[in-house]
Amino acid sequence: MARLHRQPSCVASALLVPLLVLASPAWLSVDGVGPAWVLLWLLPWALTDGPISGAFAGMALGLILDGLSLEGVTQVPALLALGWWWGRLGRRGSQIQRSLNLGLLAWLGSVGLGLSVFLQVLIREGGSLDSFTQNWGWQTLWSQALITGLLAPMLVSLQLLLWRRRVPS
């Protein structure tokens with residue numbers, strides 16, 4: 001069986017994630033916050049390729065994105081857990097392919113990623129954040145979750161169609 005992680009064009013598509021993060025268009029944002037591009041790539045990857053590959057891809061992309069931003073906090077634990085969870089969902093029973101299901105999974109993943117980052121900031125600051133930082137954290141979390149959940153049915157469905165054709169069942 002040809003696996004997704006053994007196809008160079010599919011693996012190379014992961015390089016688009018840091019480029020999209022850096023060049024995130026302003027018109028594709030809510031209150032100045034863009035979508036979680038990494039989740040829009042990781043969700044179909046993990047659903048197609050399985051939990052181990054999903055966890056590894058989440059860890060690798062998390063390390064790359066941490067190198068670009070987020071001083072003192074990391075996305076790696078959340079992305080690793082989401083890659084594992086989504087990969088296990090993809091291996092169980094029927095395939096997840098309905099748009100609402102994909103949007104909900106992306107929304108939940110975005111909320112989980114945002115909470116992970118927000119909690120790390122809270123712990124790093126010793127539990128005492130001023131009201132501006134708390135409001136900024138919540139606004140960022142919910143704005144990113146909204147735009148990610150709305151984009152997921154279109155983008156993730158397309159990626160699933162392309163990648164499932166490359167990987168025979």
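**Exercise 1. Helix 5 against helix 6**

Helix 5 and helix 6 are roughly antiparallel to each other in this predicted model; work out which angle, axis separation and handedness go with that description.

*Solution.* Begin with the geometry of the pair: helix 5, residues 76–91, packs on helix 6 at an angle of about 155 degrees, and their axes lie 10 Å apart. Next, apply the cut-off, by which angles over 145 degrees count as roughly antiparallel, and the pair is therefore assigned to that class. Finally, add the sense of the crossing, which is right-handed where helix 5 passes helix 6.

**Exercise 2. Helix 3 and its two partners**

Determine how helix 3 is oriented towards helix 4 and towards helix 6.

*Solution.* Take helix 4 as the starting partner: helix 3 and helix 4, the latter spanning residues 51–68, pack at an angle of about 160 degrees with their axes 8 Å apart. Since angles over 145 degrees count as roughly antiparallel, helix 3 and helix 4 are therefore described in that way, and their crossing is right-handed. Turn then to helix 6, on which helix 3 packs at an angle of about 120 degrees, with 10 Å between the axes. This angle makes helix 3 oblique to helix 6, and the crossing of these two helices is right-handed.

**Exercise 3. The span of helix 6**

Compare the reach of helix 6 with the expected span at 1.5 Å a residue, and describe the backbone of G126 just after the helix.

*Solution.* Helix 6 covers residues 99–124, which gives 26 residues, and 38 Å is the span expected for them. From the first C-alpha to the last, helix 6 reaches 37 Å, which is close to that expectation. Just after helix 6, G126 adopts a positive phi of about 75 degrees.

**Exercise 4. The second largest pocket**

Characterise the second largest pocket by its volume, and its lining by the helices that supply it and by residue class.

*Solution.* The volume of the second largest pocket is about 300 Å³. Its lining consists of 13 residues, and S13, L16, W41, Q159 and W163 are the ones nearest the centre. Helix 2 (16–22), helix 3 (37–49) and helix 7 (131–166) each contribute at least two residues to this lining, with the largest share, six residues, coming from helix 7. Sorted by class, the lining holds 10 nonpolar, two polar and one charged residues.

Definitions and conventions:
Residues are numbered from 1 along each chain as its sequence is written. This is a predicted model: local features need pLDDT of at least 70, side-chain atom pairs count only at pLDDT 80 or more; totals for chains, interfaces and linings use all residues. Side-chain values use heavy atoms; hydrogens and water are left out. Helices (H or I, at least four residues) and strands (E, at least two) are DSSP runs, numbered from the N terminus. The expected span of a helix is 1.5 Å times one less than its number of residues. On a 1 Å grid over the protein atoms alone, a cavity is a set of points where a 1.4 Å probe fits but cannot get out, and a pocket is an open set with protein on both sides within 12 Å along at least five of seven lines; lining residues have an atom within 4 Å of a point. Grid points are joined across faces, edges and corners, and a volume is the space filled by probe spheres set on the points. Ala, Val, Leu, Ile, Met, Phe, Trp, Tyr, Cys and Pro count as nonpolar, Asp, Glu, Lys and Arg as charged, and the others, Gly among them, as polar. Axes are lines fitted to C-alpha atoms, for helices over the stretch in contact, and angles run from 0 to 180 degrees between N-to-C directions. Angles under 35 degrees count as roughly parallel, over 145 as roughly antiparallel, 65 to 115 as roughly perpendicular and the rest as oblique. A crossing is left-handed if the near helix is turned anticlockwise from the far one by less than a right angle, and right-handed if clockwise.
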